[in-house]
Amino acid sequence: MTAHATDADRLARALSSLRGLAVGDALGSQFFVPDNLAALHNGELPPGLWQWTDDTEMACSVVSVLVRCGRIDQDALAQSFAQHNDFDRGYGPAVGRMLRLVRQEGADWRELAAGLFNGQGSWGNGAAMRVAPLGAWYGGDPVQAAHQAEISAYTTHQHREAVAGAMAVAAAAALVADPAQPAPAPEALLGAVIELLPRSAVTAGLRRAQDMLDYDDVATVAAVLGCGRRTSAHDTVPFTLWAAARSQGDYERAFWTTARAGGDVDTTCAIVGGIVASRPGGEPPRTWAERTEALPEWAVPTATRNADPL
């Protein structure tokens, strides 16, 4: 395979993941609206056009930097985050303020990210929510996916848990997206991810997730693993990888399983959607994609812009 073909394949996988992430994010965010809760419980789609949030906006920067640089360049990524930061997309207050300082005052992202939360760095799920397309880009190479995800996390989230969460999501997407291997069995997928992670609460949560793969009661699983209610990486990532591992090749099942757990629904559905859509056959239904806000032009190369909805 030529280098050009390899680049094209990487981009195709990353864009498929990005579209799956955007649909999960946009549709999941609709269930923060009280009037739509009945639809959630009934497995029905809410009305209207679904707008995505900061999850998708930041994931677009990840893909854009991969296309431009061929890898994660931290300065390019931080600048893209800052330049495209839209306050109305629902950014967390700490990261939102940091990005505005980078954009408006030329502040150093390294100092700002390191100084968050009294110098501990953020352990939020923001680094994990945006990184599935990076894993898809490195499909078949989970080691490199985890490494690049670690690099990407530090631009905004420098706490061990946030970094481990991003590494876990990217590694999972890389394993699911592997073009040379069949879809991994759920237990094998989580085991391979665990082997790539540092000791952390995220890793401990993934071990618990492995033990719960035969559970069908989503509420019980979410009560044990968390589902993003605290918006921390270790309260989010184990559950999302549990849901993604059990629903490979079935985007609808993956989405409804994840959404019905509640919690940080836009982010959990973005993560799961991005992982599941990393592999052919795991894309969201076309009707769902058509009702999701289009991706921004700056994030999608011109040659691929009209190929699919979003």
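**A buried glutamate, an enclosed helix and unpaired cysteines**

In this predicted model, Glu 57 is buried and yet forms no salt bridge, the nearest side chain of opposite charge being that of Arg 89, 4.0 Å away. Glu 57 belongs to helix α3, which spans residues 54–69. When residues up to four places away in sequence are left out of the count, the residues that Glu 57 touches are Trp 52, His 84, Asn 85, Asp 86, Arg 89, Tyr 91 and Trp 298. Arg 89 is thus both the nearest oppositely charged side chain to Glu 57 and one of the residues in contact with Glu 57.

Burial also marks helix α14, which comprises residues 237–246: ten of its ten residues are buried, and the helix is therefore largely enclosed by the rest of the structure. The buried residues of α14 are Val 237, Pro 238, Phe 239, Thr 240, Leu 241, Trp 242, Ala 243, Ala 244, Ala 245 and Arg 246.

The cysteines were examined next. A search of the whole structure finds zero disulfides. Cys 60 takes part in no disulfide, and the nearest cysteine sulfur to that of Cys 60 belongs to Cys 69, at a distance of 16 Å; with a relative accessibility of 0%, Cys 60 counts as buried. Cys 269 is likewise in no disulfide, the nearest cysteine sulfur being that of Cys 227, 10 Å away, and Cys 269 is buried, with a relative accessible area of 2%. For both Cys 60 and Cys 269, the nearest cysteine sulfur therefore lies outside the cut-off for a disulfide, which requires a pair of cysteine sulfur atoms within 2.5 Å.

Terms used:
Residues are numbered from 1 along each chain as its sequence is written. This is a predicted model: local features need pLDDT of at least 70, side-chain atom pairs count only at pLDDT 80 or more; totals for chains, interfaces and linings use all residues. Side-chain values use heavy atoms; hydrogens and water are left out. Buried means under 20% relative accessible area, exposed over 50%, partly exposed in between (1.4 Å probe, protein chains only). Helices (H or I, at least four residues) and strands (E, at least two) are DSSP runs, numbered from the N terminus. Lys and Arg count as positive and Asp and Glu as negative; His and the chain ends are not counted. Contact means heavy atoms within 4.5 Å.
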